[in-house]
Amino acid sequence: MLAAASADSTASLWNVSDPKYPSQVGEPLAGSSGEMYALGFSPDGRTLATGSGDNKVRLWSIPTSDMIGRGGAFRPDGTVLATAARDGRIRLWNVDEPDRPRPLGTPFMPADGGDRSLAFSPDGRTLAVLTASRAVYLWDVTDPARPVSAGPPIRLKTRFMGPEALAYSPDGRTLATAYEDRTIQLWDVTAPGRVTPLGKPLTGPRGFVDSLLFTPDGRTLIGGSADGAIRLWKVTDPAHATPLGAPLTGHLGPVNSLAYSPDGHTLASGSDDDTVRLWDIADPAHATRLGEPLTGHTEAVVSLTFSQDGDTLASGGNDNTVRLWNVSTPSDAAPIGQSMSPNAKTGNFLSFSPHTRMLGVSSGADTVRLWNLDVDEAITRICATTRNVLTPEKWHEYLPRLSYDPPCDESQEK
């Protein structure tokens, strides 16, 4: 970590673990009213002190859960996170302790600066990497500290595809990708070293393919495209996929992101029209729209993810905010609090960990950060940190008309 103090009254933090590709961590540290003349790290590196022209020294807590990357994917068991960085390289992290992620092995893939999209196979043994050169590379990550190329890349013919145009079937035997400009191809990846196409490319989209998703039972493939429509295909026999029902319409722009609720009944879609829509898809052949579109983002919605209990939906937009929605009753979905701005630049990575309330978000130019949304854990941490701060004397000084009633009970303070 490198810290830099500036005459504009801010300090900035930089991740320089790879000096060839330094990346800014979060937004500049602001708050002083004078030029910053001095700064220094504590010996353990977890606190930064800044001194400025307003005659004050400020202490800043340095995040310890930051990882290099601007895109990513959780392994299905939630213990490993793969990130794709600005330099084009892939990094694997042990996130068993979310506040202290540990790198596993060394970065892989060429450092060509290209964009990457990532998807783990359901068994977590293979990582699919979609590159800007329109190729999909499969990596054997059975030992995440020693990734091994599984075979030659899958070459695609499309001129453009969305970063979410890559999806594994739940049984891990089929991979769906964009293929030509307006088609989708299913691939047999049972043997990652000998990938073969399954049937002819699927047609129907009238624009580039932006997002792909299999239903949890693996019987249906869903695709969102630049024409603003969502299409479904029956894929019980992947080599002979057939269209299923009429396209789902309502979005006024490209469909950038799709997400399924854990129970398989609700589909969420995010679009360039700045909205999120929910669909009842319990019967894929007769899918219906649920309620009104969810509004609040002021730019395109580019990422969606459901919590493990299915009650919360998170959406990320190009307005650099993340919004949370209560979708326990999908037809009556409602926002939860105000938008989160996780140091801006949310990018396309937004994912709940498969088994916790941990939310992974791309934050900053080349930073992935983990946010714990477990309220009880937050209360415990706050109470432990502020123990003995709100004394009876302080309470009566600021709240003289109220009887002393500290918000943290004794068990929480411990």
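Helices and strands here are DSSP runs, numbered from the N terminus; a helix has at least four residues and a strand at least two. Keep in mind that this is a predicted model.

**Exercise 1. A loop and a surface patch**

Task: Find where Leu-402 sits, and work out which nonpolar patch it belongs to.

Solution:
- Step 1. Look at the loop between helix 2 (392–398) and helix 3 (410–413): that's where you'll find Leu-402.
- Step 2. Check its exposure. Leu-402 has a relative accessibility of 48%, so it counts as partly exposed.
- Step 3. Pick up its partners. Tyr-398, Leu-399 and Leu-402 make a nonpolar patch on the surface, and together they have about 320 Å² of accessible area.

**Exercise 2. Two hairpins in a row**

Task: Follow the chain through strand 4 and strand 5, then on to strand 6, and describe how these strands pair.

Solution:
- Step 1. Start with strand 4 (residues 36–41) and strand 5 (residues 47–52). Five bridges hold this pairing, and its sense is antiparallel. For a landmark, find Phe-41, which faces Leu-48 in strand 5.
- Step 2. Now the turn. Strand 4 and strand 5 form a hairpin with five residues between them, and Gly-45 in that turn has a positive phi of about 75°.
- Step 3. Move on to strand 5 and strand 6, which are antiparallel too, again over five bridges. Here Thr-50 stands opposite Arg-58 in strand 6.
- Step 4. The hairpin of strand 5 and strand 6 has four residues between the strands, and Asn-55 takes a positive phi near 65°.

**Exercise 3. A four-stranded sheet**

Task: Give the strand order of the open sheet that holds strands 25 to 28, and say which strands lie at its edges.

Solution:
- Step 1. The order is 25-26-27-28, and the pairing is antiparallel.
- Step 2. Strand 25 (255–260) and strand 28 (288–294) are the edge strands, since each pairs on one side only.
- Step 3. From one strand to the next, the twist averages 20°.
- Step 4. Zoom in on strand 26 (residues 266–271) and strand 27 (residues 276–280): they run antiparallel and are joined by five bridges. Ser-269 has Arg-277 in strand 27 as its bridge partner.

**Exercise 4. Salt bridges, buried and not**

Task: How many salt bridges does the whole structure have? Take three of them and sort their residues by exposure.

Solution:
- Step 1. The search turns up eight salt bridges. Side chains of opposite charge can pair when their charged atoms come close.
- Step 2. Go back to Arg-58, which you met opposite Thr-50. Its side chain meets that of Asp-54 in a salt bridge, 3.0 Å from N to O, and both residues are buried.
- Step 3. Next, take Arg-369 and Asp-66, whose salt bridge spans 2.6 Å from N to O. This pair links distant parts of the chain, 303 residues apart: Arg-369 is in strand 35 (residues 367–372), and Asp-66 is in the loop between strand 6 (57–61) and strand 7 (67–68). Both Arg-369 and Asp-66 are buried.
- Step 4. Finish with Arg-159 and Asp-181, where the closest N and O atoms are 2.7 Å apart. Arg-159 is in the loop between strand 16 (154–155) and strand 17 (166–168), while Asp-181 is in the loop between strand 18 (174–178) and strand 19 (184–188), 22 residues apart.
- Step 5. Sort that last pair. Buried means under 20% relative accessible area, and exposed means over 50%. At 62%, Arg-159 is therefore exposed; Asp-181, at 21%, is partly exposed.

**Exercise 5. Rings that meet**

Task: What kind of aromatic pair do Phe-160 and Phe-208 form, and what kind do Trp-395 and Tyr-404 form?

Solution:
- Step 1. The count comes to five aromatic pairs. Planes over 60 degrees apart make a pair edge-to-face.
- Step 2. Phe-160 and Phe-208 have ring centres 5.6 Å apart and planes at 70°, so they're edge-to-face.
- Step 3. Place them in the chain. Phe-160 is in the loop between strand 16 and strand 17, and Phe-208 is in the loop between strand 20 (196–202) and strand 21 (209–214), so the pair ties together parts 48 residues apart in sequence.
- Step 4. Trp-395 and Tyr-404 are edge-to-face as well, with 5.6 Å centre to centre and 90° between the planes. Trp-395 is buried at 8% relative accessible area, whereas Tyr-404 is partly exposed at 34%.

Definitions and conventions: Residues numbered from 1 in each chain as written. Predicted model: local features only at pLDDT ≥ 70, side-chain atom pairs only at ≥ 80, totals over all residues. Heavy atoms only, no water. Pairing = 2+ DSSP bridges. Axes fitted to C-alpha atoms, helices over the stretch in contact; angles between N-to-C directions. Patch = residues over 30% accessible without salt bridge, like charges linked within 9 Å, V, L, I, M, F, W, Y side chains within 5 Å. Areas by Shrake-Rupley, 256 points an atom, 1.4 Å probe, with all protein chains shown as cover. Salt bridge = Lys/Arg side-chain N within 4 Å of Asp/Glu carboxyl O. Buried < 20%, exposed > 50% of the residue type's maximum accessible area, 1.4 Å probe, protein only. Phe/Tyr/Trp six-rings, centres within 6.5 Å; stacked < 30°, edge-to-face > 60°.
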